[in-house]
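Here are a few exercises to work through with the model open beside you. Try each task before reading its solution.

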Amino acid sequence: MRFDVLTLFPEMIEQACSHSIIKRAAEADIITVNTINPRDYTLDKHKKVDDTPYGGGAGMVLMVQPYVDAYDFVEKIENSITVMMSPQGRTFNNDICRQLSEYEQIILLCGHYEGFDERIREIIKPEEISLGDFVLTGGELPALCLIDSISRKLDGTLGKIESMEEDSFENGLLEYPQYTRPAEFRGLRVPEVLLSGNHANIEQYRKEERIKRTKERRPDLYQQFISTGR
């Protein structure tokens, strides 16, 4: 998987991807993360990439020329998709994450300020994805969320594939509660079934807890789970 990120702040992407599981995935050549700065493609001698909006209004709008020229510079492969991080897009979820993990290249467009000149959308025609109904300063943090989440779906990123299969939202349920040593802390004990060594009982307990937690915390997911008859 190759991630090509168009961003005015490449150091944010590079720094975040130099730690933990994402770093190990890159070192193992499971993923590659490249950054492309539109400032390097602007025709303005002062490296300007934004300007005041036509029609008036607060803030600055990202100019079409630097972003489109930077995008044209990116070498595309056949199995590729371009994603614009935008609060106007589809809300990101596990199903979208799984779909995106099937691509070999994802080009991520990170906005800033008051957003993109509309012609960037019209020319590039990206898939627009949002993290939710709120607005952030820029698209770098949402892009990093996509990189992290999608990378987990790729073979070899996690040490054990079971780590992903038991995640929240896999199979339509939230994850069961987890415990580790000590067995008791401030009067709170680990459930006895987890200490029993009986793997069949442990599996049944965890299944019941996943269903219970989903029903309590995400009734919308629980209804979907019941409707599918799993």
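Helices (H or I, at least four residues) and strands (E, at least two) are DSSP runs, numbered from the N terminus. Keep in mind that this is a predicted model.

**Exercise 1. Overall build**

Task: Count the helices and strands in the protein chain, then decide whether the chain is a compact globule or more spread out.

Solution:
- Step 1. The protein chain holds 10 helices and nine strands.
- Step 2. Its radius of gyration is 22 Å, while the globule rule gives 17 Å for 230 residues, so the chain is more spread out than a compact globule.
- Step 3. Now look at the box: along the principal axes, the C-alpha atoms fill roughly 70 × 40 × 40 Å.
- Step 4. As for burial, 40% of the 230 residues are buried.
- Step 5. Among contacts with a separation of 6 or more, 74% join residues 24 or more positions apart.

**Exercise 2. The surface**

Task: Find how much area the protein chain exposes, and how far apart the centres of its positive and negative side chains lie.

Solution:
- Step 1. The exposed area is about 13800 Å², with 49% of it supplied by carbon and sulfur atoms.
- Step 2. There are 28 positive and 39 negative side chains, and the centres of these two sets are 6 Å apart.

**Exercise 3. The largest nonpolar core**

Task: Identify the residues with the most contacts inside the largest nonpolar core, and the element that gives the largest share of this core.

Solution:
- Step 1. A general point helps to start: in soluble globular proteins, nonpolar side chains tend to be buried together.
- Step 2. The largest core here has 26 residues, and Val-83, Leu-100, Ile-106, Leu-108 and Leu-146 have the most contacts inside it.
- Step 3. At least two residues each come from β1 (2–6), α2 (20–27), β5 (80–91), α4 (94–100), β6 (105–109) and α6 (140–151).
- Step 4. Helix α6 gives the largest share, five residues.
- Step 5. Zoom in on Leu-100: beyond four places in sequence, Leu-100 touches Met-1, Ile-81, Val-83, Phe-92, Ile-106, Ile-129, Leu-146 and Ile-150.

**Exercise 4. A second core and helix α3**

Task: Decide whether Phe-116 is buried or exposed, and list what Phe-116 contacts beyond its sequence neighbours.

Solution:
- Step 1. A second, separate core has 17 residues, including Tyr-67, Leu-109, Phe-116 and Ile-120.
- Step 2. Phe-116 sits in the loop between β6 and α5. Its relative accessibility is 12%, and the cut-off for buried is under 20%, so Phe-116 counts as buried.
- Step 3. Outside four places in sequence, the contacts of Phe-116 are Val-61, Leu-62, Tyr-67, Met-84, Met-85, Leu-109, Cys-110, Gly-111 and Arg-121.
- Step 4. Take Tyr-67 from that list: the C-alpha atoms of Phe-116 and Tyr-67 are 9.0 Å apart, with their positions 49 residues apart in sequence.
- Step 5. Tyr-67 is also one of the buried residues of helix α3 (residues 64–73), along with Val-64, Pro-66, Val-68, Ala-70 and Tyr-71. These buried residues of α3 pack against β1, β2, β4 (61–62), β5, β6 and α5 (118–124).

**Exercise 5. Two serines**

Task: Classify Ser-151 and Ser-196 as buried, partly exposed or exposed.

Solution:
- Step 1. Ser-151 belongs to helix α6. With a relative accessible area of 0%, Ser-151 is buried.
- Step 2. Setting aside neighbours within four places, Ser-151 contacts Phe-3, Ile-22, Ile-31, Leu-146 and Thr-157.
- Step 3. Ser-196 lies in the loop between α8 (192–195) and α9 (199–217). Its relative accessibility of 45% makes Ser-196 partly exposed.
- Step 4. For a sense of distance, Ser-196 and Gln-105 are 46 Å apart, C-alpha to C-alpha, and 91 residues apart in sequence.

**Exercise 6. Backbone details in loops**

Task: Locate the cis peptide bond before Pro-182, then check phi of Asp-29 and of Lys-47.

Solution:
- Step 1. The bond from Arg-181 to Pro-182 is cis, with omega near 5°. Pro-182 is in the loop between α7 (161–165) and β8 (184–185).
- Step 2. Asp-29, not a glycine, has a positive phi near 60°. Asp-29 is in the loop between α2 and β2 (32–36), and is exposed at 65% relative accessible area.
- Step 3. Lys-47 is not a glycine either, and its phi is positive at about 65°. Lys-47 is in the loop between β2 and β3 (50–51), and counts as partly exposed at 40%.

Definitions and conventions
Residues are numbered from 1 along each chain as its sequence is written. This is a predicted model: local features need pLDDT of at least 70, side-chain atom pairs count only at pLDDT 80 or more; totals for chains, interfaces and linings use all residues. Side-chain values use heavy atoms; hydrogens and water are left out. A nonpolar core is a set of buried Ala, Val, Leu, Ile, Met, Phe, Trp, Tyr and Cys residues joined through side-chain atoms within 4.5 Å. Buried means under 20% relative accessible area, exposed over 50%, partly exposed in between (1.4 Å probe, protein chains only). Contact means heavy atoms within 4.5 Å. The radius of gyration is taken over C-alpha atoms; the globule rule is 2.2 Å times the number of residues to the power 0.38. Accessible areas come from the Shrake-Rupley method with a 1.4 Å probe; for residues, only the protein chains shown count as cover. Lys and Arg count as positive and Asp and Glu as negative; His and the chain ends are not counted. The place of a charge is taken as NZ of Lys, CZ of Arg, CG of Asp or CD of Glu.
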